[in-house]
Amino acid sequence: MRTLLSGLAIVALMASVGEAAAYKIFVSNEKGNTVSVIDSETMAVTDTIDVGQRPRGITLAENGKHLLVAVGDDDTVEVYDTDTFERVHTLPSGPDPELFVLHPDGVHLYIANEDDNLVTVVDLKSRSMVSEIPVGVEPEGMGVSPDGKFIVNTSETTNMAHFIDTETHEITDNVLVDQRPRFAEFKKDGSEVWVSSEIGGTVSVIDTDTRKVTHKITFEIPGLRPEAIQPVGIRISDDMTVAFVALGPANRVAVIDPATYEVLDYLLVGQRVWQLGFSPDQDFIFSTNGVSNDVSVIDVAKREVVDNVQVGQFPWGVVARPE
């Protein structure tokens, strides 16, 4: 049985190897209507922010000064100050915003509107809606290419990844993937986008030049039925040496070699692992475990779960900001 390190033990370990840059971890709690704030030095919740109804997608803007939270049942995106935790303003989002992605220009936000089969484009500076882009049925996953030239949206019922030109806001390509695609993640060099298919049980690797699926990553865990292995959140390290995939009710995070697409390990985390987020230095990655209401802390180099942090009800999204 694996022994987890306490928050204080993590601090001592980080200090011993010369790592100490503090940061805050923000976790959206879908059923609690809150965002939990975790301090990296203690790995404990230090603050709880009351937000709108059904918070899911979460990201940082304005060089980390603002926290954006998609509150789906309120049909808006709320913006919070990451130091004071006060709500600054709201943004138009279209109906039922779930996931979003911020363009590298820091200005344009692309939001998946699941109920209306749209991707809404919002200008953060003017706080206005720029465009509504019709896509497939039940859009969710949102990824942006590193050069900002195109967005990839996944539509759960259409089973497609839609490539959207960020200049024209037109769909240029539709790529068929496996059943119920949930997330899109680009490699840092822009060569590939990985799309998880929850019911299909795979991750499709799409070549961004040819817009073709070149690989299918599959998962096998002894003792678990295939239908219990449901890929959702994906994160690929900036140096492209390791990737992580959240496997939903399998309660595991898969560790993958992005060069060979080989599954290297399965890490046991909390119950119904959904989304993932790196620490600013990418030494750790955090998983949101919805049913057990906690966040697992994974040491990236060691490929080991080193802590679990209890948060709010049904944690969904996670993002970290340097102090």
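**Entry 1: the β24 and β25 pair**

I began with strand β24 and strand β25, and I found that they pair in the antiparallel sense over 4 bridges. A reminder to myself: this is a predicted model, so everything I jot down here is computed from it. I then looked up who faces whom. Val-273 stands opposite Asn-289 of β25, and Phe-278 has Ile-285 of β25 across from it. The hairpin that β24 and β25 form has 5 residues between the strands, and there I noted Gln-282 with a positive phi near 60°.

**Entry 2: how covered is β24?**

How many of the 6 residues of β24 are buried? I counted 6 of the 6 for this strand, residues 273–278, so β24 is largely enclosed by the rest of the structure. I picked Gln-275 for a closer look, since its place is in strand β24. Is Gln-275 buried or exposed? Its relative accessibility is 4%, and buried means under 20%, so Gln-275 counts as buried.

Next I listed the company that Gln-275 keeps, setting aside its neighbours within four places in sequence. From β25, I found Phe-286, Ser-287 and Thr-288 among its contacts. Gln-275 is also in contact with Leu-99, Phe-183, Val-232 and Gly-233. Further along the chain, Trp-316, Gly-317 and Val-318 are on the list of contacts of Gln-275 too.

**Entry 3: β25 and its other partner**

I moved on to β25, residues 284–289. Here again I found 6 of the 6 residues buried, so β25 is largely enclosed by the rest of the structure. Which residues cover each face? In a regular strand the side chains alternate between the two faces of the sheet. For β25, I put Phe-284, Phe-286 and Thr-288 on one side, with Ile-285, Ser-287 and Asn-289 on the other, and they are all buried.

Which strand do 6 bridges join to β25? I found strand β26, residues 294–299, running antiparallel to β25. In this pairing Phe-284 stands opposite Asp-299 of β26. The hairpin of β25 and β26 has 4 residues between the strands, and Asn-293 takes a positive phi near 55° there.

**Entry 4: a loop residue, Ala-22**

For a change of scene I looked up Ala-22, which I found in the loop between α1 (7–16) and β1 (23–29). Leaving aside its neighbours within four places in sequence, I noted Ser-40, Glu-41, Pro-322 and Glu-323 in contact with Ala-22. I also checked a distance: the C-alpha atoms of Ala-22 and Ala-70 are separated by 26 Å, with these positions 48 residues apart along the chain.

**Entry 5: the whole chain**

Lastly, I stepped back to the protein chain, which has 1 helix and 28 strands. Its radius of gyration is 18 Å, close to the 20 Å of the globule rule for 323 residues, so the chain is as compact as a globular protein of that length. Along the principal axes, I get a box of roughly 50 × 45 × 35 Å for the C-alpha atoms. Of the 323 residues, 58% count as buried. For contacts between residues at least 6 apart in sequence, I noted that 42% join residues at least 24 apart. The accessible surface comes to about 12900 Å², and 46% of that belongs to carbon and sulfur atoms. I closed with the charges: the chain has 24 positive and 51 negative ones, and their mean positions are 2 Å apart.

Terms used: Residues numbered from 1 in each chain as written. Predicted model: local features only at pLDDT ≥ 70, side-chain atom pairs only at ≥ 80, totals over all residues. Heavy atoms only, no water. Helix = DSSP H or I, 4+ residues; strand = E, 2+ residues; numbered from the N terminus. Rg over C-alpha atoms; globule rule 2.2 N^0.38 Å. Buried < 20%, exposed > 50% of the residue type's maximum accessible area, 1.4 Å probe, protein only. Contact = heavy atoms within 4.5 Å. Areas by Shrake-Rupley, 256 points an atom, 1.4 Å probe, with all protein chains shown as cover. Lys, Arg positive; Asp, Glu negative; His and termini not counted. Charge placed at Lys NZ, Arg CZ, Asp CG, Glu CD. Pairing = 2+ DSSP bridges.
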